Amino acid sequence: MIIMSVLPQSFYNNNTLKIAQALLGCFLVRKFSDGKTRRFKIVETEAYHGPLDRASHASRGRTPRNAVMFGEAGIIYVYFTYGMYNMLNVVTGPENYPAAILIRAVEPYVKCQRLNVKCRFDGPGRLTKALKIDRAFNGLPIFKKKHGLWIESRKEELKPARIARAARVGVDYAGAYKDKLWRFYIKDSGFVSRH
DNA sequence: CACTAGATTTTCT
DNA sequence: GAAAATCTAGTGG
């Protein structure tokens, strides 16, 4: 009997780069409106870290859109971009320090033949579409099961040697920050968005 | 395989 | 009005 444990708010109140790696191998859990619950292993994340990070929405100050990034840890930040895609993030660090982690890719935990074959999870826009995550989740806590979206701890060890580090995707405009190695993924996962 | 253009709309300047 | 933390479909080698 495996005890499921939902990651508590305190888990997210830490250094963004550490949490981005600690989330790899954890489970993103979604309870759909039809009552079915499915688990997905997190295999790729990116850190958006602090007011100086030019790749981050928070680098140009607080706006209505990015306000939750300045709030407490463990809150969901979903924004809409490219006219088409929602991006799923989790706020990290202390209040008034704008930081968040973008969840870029997950893999199905159990065999998912029942899932629509068209569903893909390797990319931030794809996974929100597949998991039916939209801006209604913005500002909700991810450390409670109440809203149908939460994260559970790993069920087995993830050796540091299996974690790869790379530059973030789609942030060429970010000056010196575009080359920061703030993207993390599990090397041997077949569901990473890029290798 | 590499590269390019187009989709489509919110957000901020 | 331009750009955007993306993805797809198309072309060409």
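This passage goes through the nonpolar cores, the aromatic rings and the DNA-facing surface of a predicted model.

Starting on the inside, the largest nonpolar core takes in 41 residues, and the members that touch the most others are Tyr12, Leu28, Leu88 and Ile151. Leucine 28 gives a good feel for the packing. Once neighbours within four places in sequence are set aside, leucine 28 is still in contact with a long list of residues, among them Phe40, Ile42, Val106, Leu127, Leu131, Ile142 and Leu149. That list also includes Leu88 and Ile151, and it isn't purely nonpolar either, since Arg38 and Arg39 turn up in it as well. A second core, separate from the one above, has 16 residues, including Ala55, Ala58, Val91 and Phe143.

As for the rings, searching the whole structure turns up five aromatic pairs. Two tyrosines also have a charged side chain over the ring face: arginine 168 sits over tyrosine 48, at 4.7 Å from the ring centre, and lysine 180 sits over tyrosine 177, at 5.2 Å from the ring centre.

Then there's the DNA. Strand C is surrounded by 20 residues, with His57, Tyr79, Asn89, Arg126 and Tyr173 the closest. Of the strand C atoms that come within 4 Å of the protein, 60% belong to sugar and phosphate. The polar contacts reach several parts of the strand. Arginine 104 has a side-chain N or O atom 3.3 Å from a phosphate oxygen, tyrosine 85 puts a polar side-chain atom 3.1 Å from a sugar or linking oxygen, and a backbone N or O atom of alanine 55 lies 3.4 Å from a base nitrogen. In terms of secondary structure, β3 (76–81), β4 (85–91), β5 (99–108) and α3 (124–130) each contribute at least two residues to the surface near strand C.

Notes. Residues are numbered from 1 along each chain as its sequence is written. Chains are lettered from A and ligands numbered from 1 in the order in which they are written. This is a predicted model: local features need pLDDT of at least 70, side-chain atom pairs count only at pLDDT 80 or more; totals for chains, interfaces and linings use all residues. Side-chain values use heavy atoms; hydrogens and water are left out. Rings of Phe, Tyr and Trp (its six-membered ring) pair if their centres lie within 6.5 Å; planes under 30 degrees apart count as stacked, over 60 as edge-to-face and the rest as tilted. A charge sits over a ring if NZ of Lys or CZ of Arg is within 6 Å of the ring centre and within 35 degrees of the ring normal. A nonpolar core is a set of buried Ala, Val, Leu, Ile, Met, Phe, Trp, Tyr and Cys residues joined through side-chain atoms within 4.5 Å. Buried means under 20% relative accessible area, exposed over 50%, partly exposed in between (1.4 Å probe, protein chains only). Contact means heavy atoms within 4.5 Å. A residue is near a molecule or strand if one of its heavy atoms lies within 4 Å of it. A polar contact is a pair of N or O atoms within 3.5 Å; within protein, one must be able to donate a hydrogen and the other to accept it, and residues adjacent in sequence count only if both atoms are side-chain atoms. Helices (H or I, at least four residues) and strands (E, at least two) are DSSP runs, numbered from the N terminus.
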